[in-house]
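Hi,

Here is the structure I promised to pass on to you. Have a look at it first, and then read my notes below.

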Amino acid sequence: MLGHEPLWKAPAPLAGLLTTLKHAFPKWQLGLVVSHALEINFSVIGRYVDYLVEEQGVKNVFVNGTTGEGLSLSISERCRVAEEWVTKGRNKLDQIVIHVGALSLKESQELAQHAAEIGADGIAVIAPFFLKPWNKDALINFLKEVAAAAPALPFYYYHIPALTGVKIRAEELLDGIQDKIPSFQGLKFSDTDLLDFGQCVDQNRQRQFAFLFGVDEQLLSALVMGATGAVGSTYNYLGKKTKQMLEAFERKDFSSALSHQFCIQRFINFVVKLGFGVSQTKAIMTLVSGIPMGPPRLPLQKASREFTDNAEAKLKSLDFLSCTDLKGGDMEACS
Ligand SMILES: CC(=O)N[C@@H]([C@@H](O)[C@H](O)[C@H](O)CO)[C@@H](O)CC(=O)C(=O)O
C-alpha cells in the first residue's frame with residue numbers, strides 16, 4: 001500500500017523492522033497449483049510469482065493456507081510447495097509466510113522446522129480442528145509447541161473459526177500471548193466479527209503486532225479498525241484493485257476508498273450467490289492470469305463452466321477484466 005510502510009520486508013523478522021503500527025501492505029494469498037492428474041504442478045510457481053509481482057503488485061505471500069489447500073496436501077507436498085515458493089520468490093517477493101498448521105502437533109513442528117531451514121520469513125498456524133482445543137490455554141499450549149520448533153521465525157496465529165470450528169476469541173488469545181510465544185508476530189484474522197478484531201487492535205496498541213485481515217469484502221472496515229495488512233483469496237486477481245482502495249484510504253480519501261470497496265463487494269456478492277470458494281478462486285485465477293491453476297483436490301469439486309462464464313462476464317462488466325465490447329457502455333464499470 002502506498003504511503004504505508006511495506007508490511008513485510010525480507011528477510012529479517014517483522015518486529016525488528018517496524019517503526020510504527022501503521023505498516024499496512026497487503027500480504028496476498030496463494031492458490032495451490034494442481035495439474036489435471038491431481039499432482040501439484042510445481043513448474044508454474046515461478047510464473048505465478050512473476051504474475052503476482054508484475055501484474056498485481058503483490059509481493060508478500062501466504063503459502064499452504066486455505067486457498068492453497070494446505071490441509072489437503074501431504075507433508076512432503078507442503079514442504080515441496082514451500083521450497084518452490086521460497087526459491088522462485090527469492091529477490092522478487094518481500095515476505096513468504098508458510099502456513100504450517102496441522103492436526104498432528106508433530107507434523108506441524110516438522111513443517112515449522114522445515115520452513116525455518118528453507119529460509120521462509122514466518123510461519124502461521126490454525127487451530128487444530130478435529131480434536132479441538134476447548135479453551136484458550138489448550139490452544140496456546142499447542143501453538144507454543146509449534147512456535148518452539150522454529151523459534152527464530154515470526155509466528156502468526158491464523159484465526160478462521162468458520163472453518164476450524166474453534167471459536168476461541170482472538171482477543172482472548174492475544175492477551176499475554178508473547179509471554180508464552182516470544183516469537184508471536186501477529187494475527188491473520190479471517191472472520192467477520194469486527195468487535196473481536198477491533199479489540200485485538202485496541203488492546204495491543206503498545207505491541208507492534210501485525211493485524212492481517214482475511215475477509216476481502218470487509219477490508220475497508222477492518223482498515224478503519226486498525227488492520228495493518230490483508231491476506232485473501234481475491235488478491236490473487238484483484239490485488240491491483242484492492243491496492244487502489246488501500247491508497248485512497250491512506251490519503252484519507254474515504255469516499256474513493258468506499259467506492260473501491262463497494263466495487264469489490266459487487267463482484268464478491270455476485271460470485272458468493274453462485275457459490276464461491278477455493279475451487280472457484282482457482283477457476284477465476286486461471287481465467288484472469290492465464291496460468292493454469294488446475295482443479296482442486298478432492299473432496300472439493302472443480303468449478304463449473306457456467307460459474308466461470310458468469311464470473312468472467314461480471315469481471316468484465318466491472319472493468320476488472322478488459323473487454324473492448326463492454327468498455328464505455330456499462331454503467332456498472334468501476335475503473
Ligand atoms: C474462508 C476463505 O476462504 N477466506 C478467504 C477470503 O479471502 C475469502 O475468500 C474472501 O473474503 C471472499 O469471501 C481468506 O481469508 C482465506 C485465506 O486467507 C487463505 O487462503 O489462507
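Of the 335 residues in the protein chain, 47% are buried. Please keep in mind that this is a predicted model. As you trace the protein chain, you should come across 14 helices and 8 strands. Now look at the contacts in the protein chain between residues with a separation of 6 or more: 70% of them join residues 24 or more positions apart.

Next, the ligand. It has 15 residues around it, and the closest are Gly-65, Thr-66, Thr-67, Gly-214 and Gly-232. Sorted by class, this shell holds 9 polar, 4 nonpolar and 2 charged residues.

Which residues does the UniProt annotation "binding site" cover? According to that unreviewed entry, they are Thr-67 and Val-231. The two span 165 residues in sequence, yet their C-alpha atoms are no more than 10.4 Å apart, so they gather at one spot.

It is worth finding both of them on your screen:

- Thr-67 sits in the loop that runs between β2 (60-63) and α3 (75-89). Is this residue buried or exposed? Thr-67 counts as buried because it has 24 C-beta neighbours inside 10 Å, and the cut-off for buried is 20 or more.
- Val-231 belongs to the loop between β8 (229-230) and α11 (235-250). With 29 other C-beta atoms within 10 Å, Val-231 is buried too.

So Thr-67 appears twice in these notes: Thr-67 is among the residues closest to the ligand, and the UniProt annotation "binding site" covers Thr-67 as well.

Enjoy exploring!

Best wishes

Note on methods:
Residues are numbered from 1 along each chain as its sequence is written. This is a predicted model: local features need pLDDT of at least 70, side-chain atom pairs count only at pLDDT 80 or more; totals for chains, interfaces and linings use all residues. A residue is near a molecule or strand if its C-beta atom, placed from the backbone, lies within 6 Å of it. Ala, Val, Leu, Ile, Met, Phe, Trp, Tyr, Cys and Pro count as nonpolar, Asp, Glu, Lys and Arg as charged, and the others, Gly among them, as polar. Helices (H or I, at least four residues) and strands (E, at least two) are DSSP runs, numbered from the N terminus. A residue is buried if 20 or more other C-beta atoms lie within 10 Å of its own, exposed if 12 or fewer, and partly exposed in between; C-beta atoms are placed from the backbone. Two residues are in contact if their C-beta atoms, placed from the backbone, lie within 7 Å. UniProt positions are given in the numbering used here, feature names are shortened, and annotations may be inferred rather than shown by experiment.
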